[in-house]
Amino acid sequence: MSKYFLGVCSGTGLVSVPTAISLLEIQRTLIASNHGVQCNIFSGADIAVARNLMAQAFIESGAEIFVGIDDDVGISAEAFAAIDAGGHDCVTVIVPQRDLDLSGFADQVRGGESDAQALRNAAPPHGLPPGQQEGFFSTERGTTSFYMVKRRVIEG
């Protein structure tokens, strides 16, 4: 049984409906598995300040796993469970606003494109082939829409 710190980062102090639903579903899933959960919302005029406050609160919380969610992101409980089951020390999830060829996006990021340019280049005008909507790839950097970090990564 682990303790999770769920933090939502908002530049406006508002949380979107998809994010609120995600928090409730993730919390329900964790509690049903006998995990401890702490939820907090952090807002600031500067999103970087809110993220720093969230990270500091995680460190002080004593939780083992930090889950950060931007205020405009929705992620299903099933997707969260799959990510959590991977046992990774650190995971960044890209939550696109449109269909995305993940393989093409991964190639663009590895090739040095910015996240925004890679997204434009990898988002096809039509539907994606089956199996191309999700998956994992390794990279040195990523977006911060949704992420999980274990305490041991932060404490070194």
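What follows is a walk through the fold, the cores, the ring pairs and a few single residues of this chain.

The model is predicted. In it, the secondary structure of the chain comes to 6 helices and 5 strands. Reading along the sequence, the pattern runs β-α-β-α-β-α-β-α-α-β-α. The chain has 156 residues, and 33% of them count as buried. Contacts also reach a long way along the sequence: taking the contacts with a separation of 6 or more, 79% are between residues 24 or more positions apart.

A good place to start is the inside. In soluble globular proteins, nonpolar side chains tend to be buried together. Here, the largest nonpolar core has 17 residues, and the ones with the most contacts inside it are I26, V67, I69, F80, F146 and M148. Several elements give two or more residues to this core: strand 1 (3-10), strand 3 (65-70), strand 4 (90-93) and strand 5 (146-150) on the strand side, plus helix 1 (17-32) and helix 3 (77-85). There is also a second, separate core, this one of 11 residues, with C9, A50, M54 and V149 among them. Back in the largest core, what does V67 touch, once residues up to four places away in sequence are set aside? The list is Y4, F5, L6, G7, F80, F146, Y147 and M148.

Helix 4 makes a neat case of its own. This helix covers residues 102-110, and L102, F105, A106 and V109 are its buried residues. Looking down the axis of helix 4, the buried residues fall within an arc of 100°, so they line one face of the helix. After helix 4 comes G112, which has a positive phi, near 100°.

Next come the aromatic rings. The count of aromatic pairs comes to 7. One of them is made by F5 and F42, a tilted pair with 6.3 Å centre to centre and 35° between the planes. This pair ties together distant parts of the chain, as F5 sits in strand 1 and F42 in strand 2 (residues 36-43), 37 residues apart. Both F5 and F42 are buried. Another pair, F58 and F66, has its ring centres 4.8 Å apart and its planes at 15°, so it counts as stacked. Buried means under 20% relative accessible area. F58, at 0% relative accessibility, therefore counts as buried, and F66 does too, because its value is 5%. Zooming out a little, ring pairs join F5, F42, F58, F66 and Y147 into a cluster. F58 has a charged partner as well: the charged end of R151 sits over the ring of F58, 4.7 Å from its centre.

Some of the smaller residues deserve a look too. S10 is part of strand 1, and its relative accessibility is 0%, so S10 counts as buried. What joins the side chains of S10 and D71? The answer is a polar contact of 3.0 Å. Apart from neighbours within four places in sequence, S10 is in contact with F42, S43, G44, I47, A50 and D71. F42, then, turns up both in the ring cluster and beside S10.

A57 also meets that cluster. A57 belongs to helix 2 (residues 47-61), and with 18% relative accessibility it counts as buried. Leaving out neighbours within four places in sequence, A57 is in contact with F5 and F42, the two rings of the tilted pair. A57 and G7 are 50 residues apart in sequence, yet C-alpha to C-alpha they are 8.9 Å apart in space.

Over in helix 1 there is S22. Is S22 buried or exposed? S22 has a relative accessible area of 2%, so it is buried. Its contacts, again without neighbours within four places in sequence, are V73, G74 and I75.

The last stop is N34, in the loop between helix 1 and strand 2. Exposed means over 50% relative accessible area, and N34, at 54% relative accessibility, therefore counts as exposed. Its backbone stands out as well: phi of N34 is near 65°, a positive value in a residue other than glycine.

Technical notes. Residues numbered from 1 in each chain as written. Predicted model: local features only at pLDDT ≥ 70, side-chain atom pairs only at ≥ 80, totals over all residues. Heavy atoms only, no water. Core = buried A, V, L, I, M, F, W, Y, C linked by side-chain atoms within 4.5 Å. Buried < 20%, exposed > 50% of the residue type's maximum accessible area, 1.4 Å probe, protein only. Helix = DSSP H or I, 4+ residues; strand = E, 2+ residues; numbered from the N terminus. Contact = heavy atoms within 4.5 Å. Arc of directions from axis to C-beta. Phe/Tyr/Trp six-rings, centres within 6.5 Å; stacked < 30°, edge-to-face > 60°. Lys NZ or Arg CZ within 6 Å of the ring centre and 35° of its normal. Polar contact = N/O pair within 3.5 Å; in protein donor to acceptor, adjacent residues only side chain to side chain.
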